[in-house]
Amino acid sequence: MAQEKKTLKITQTGSPIRRTKDQRATLIGLGLNKMHRTSELEDSPEVRGMIRKVRHMVTVAGE
């Protein structure tokens, strides 16, 4: 049996205005670049690290 991989639903709730370049780049890497956009990504340590970096600008469902 193949196990289904967990996914996280990430929604951008904060504006990238007046944020550092690396935080803006992290949002783009997560597939977010405008307010209230939602992206569904595979749950992995890399994605969790990116979420942790911009946790003040996103909400996460599916944990």
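In the predicted model, Lys34 is located in the loop that connects α1 to β2 (38–42). Its relative accessibility is 49%, so Lys34 is classed as partly exposed. Lys34 and Pro16 are separated by 18 residues in sequence, and their C-alpha atoms lie 8.5 Å apart.

The protein chain that contains this loop has two helices and three strands, arranged along the sequence in the pattern β-α-β-α-β. Taken along the principal axes, the box filled by its C-alpha atoms is roughly 45 × 20 × 15 Å. Of the 63 residues in the chain, 25% are buried. The accessible surface amounts to about 4,800 Å², and carbon and sulfur atoms account for 50% of this area. Among contacts between residues at least 6 apart in sequence, 71% link residues at least 24 apart. The charged side chains comprise 13 positive and 7 negative groups, and a distance of 12 Å separates the centres of the two sets.

Helix α1 spans residues 21–29. Its buried residues are Gln23, Thr26 and Leu27. Viewed down the helix axis, these buried residues fall within an arc of 100 degrees and therefore line one face of α1. On the other side of the helix, Lys21, Ile28 and Gly29 are exposed. An α-helix has 3.6 residues a turn, so residues three or four places apart point the same way. The cover over the buried residues of α1 includes β1 (7–12), α2 (45–53) and β3 (58–61).

Within α1, Gln23 has a relative accessibility of 16%, below the 20% limit, and is therefore counted as buried. When neighbours within four places in sequence are left aside, the contacts of Gln23 are Lys53, Val54, His56 and Met57. After α1 comes Gly31, which has a positive phi near 85 degrees.

Helix α2 includes Met50. This residue is partly exposed, because the relative accessible area of Met50 is 27%, which lies between the limits of 20% and 50%. Apart from neighbours within four places in sequence, Met50 is in contact with Thr26, Gly29 and Leu30. Of these contact partners, Thr26 is among the buried residues of α1, whereas Gly29 is exposed. Met50 and Arg18 are 32 residues apart along the chain, and 19 Å separates their C-alpha atoms.

The largest nonpolar core consists of 10 residues, namely Leu8, Ile10, Leu27, Leu30, Leu32, Val47, Ile51, Val54, Met57 and Val58. At least two residues of this core are supplied by each of β1 and α2. In soluble globular proteins, nonpolar side chains tend to be buried together. Leu27 is a member of the core and also one of the buried residues of α1. Val54 and Met57 likewise belong to the core, and both are in contact with Gln23. Leu30, another core residue, is in contact with Met50.

Leu32 also forms part of this core. With residues up to four places away in sequence not counted, Leu32 touches Ile10, Gln12, Leu27, Arg37, Thr38, Ser39 and Val58. Among these partners, Ile10, Leu27 and Val58 are themselves members of the core.

Technical notes. Residues numbered from 1 in each chain as written. Predicted model: local features only at pLDDT ≥ 70, side-chain atom pairs only at ≥ 80, totals over all residues. Heavy atoms only, no water. Helix = DSSP H or I, 4+ residues; strand = E, 2+ residues; numbered from the N terminus. Buried < 20%, exposed > 50% of the residue type's maximum accessible area, 1.4 Å probe, protein only. Contact = heavy atoms within 4.5 Å. Arc of directions from axis to C-beta. Core = buried A, V, L, I, M, F, W, Y, C linked by side-chain atoms within 4.5 Å. Areas by Shrake-Rupley, 256 points an atom, 1.4 Å probe, with all protein chains shown as cover. Lys, Arg positive; Asp, Glu negative; His and termini not counted. Charge placed at Lys NZ, Arg CZ, Asp CG, Glu CD.
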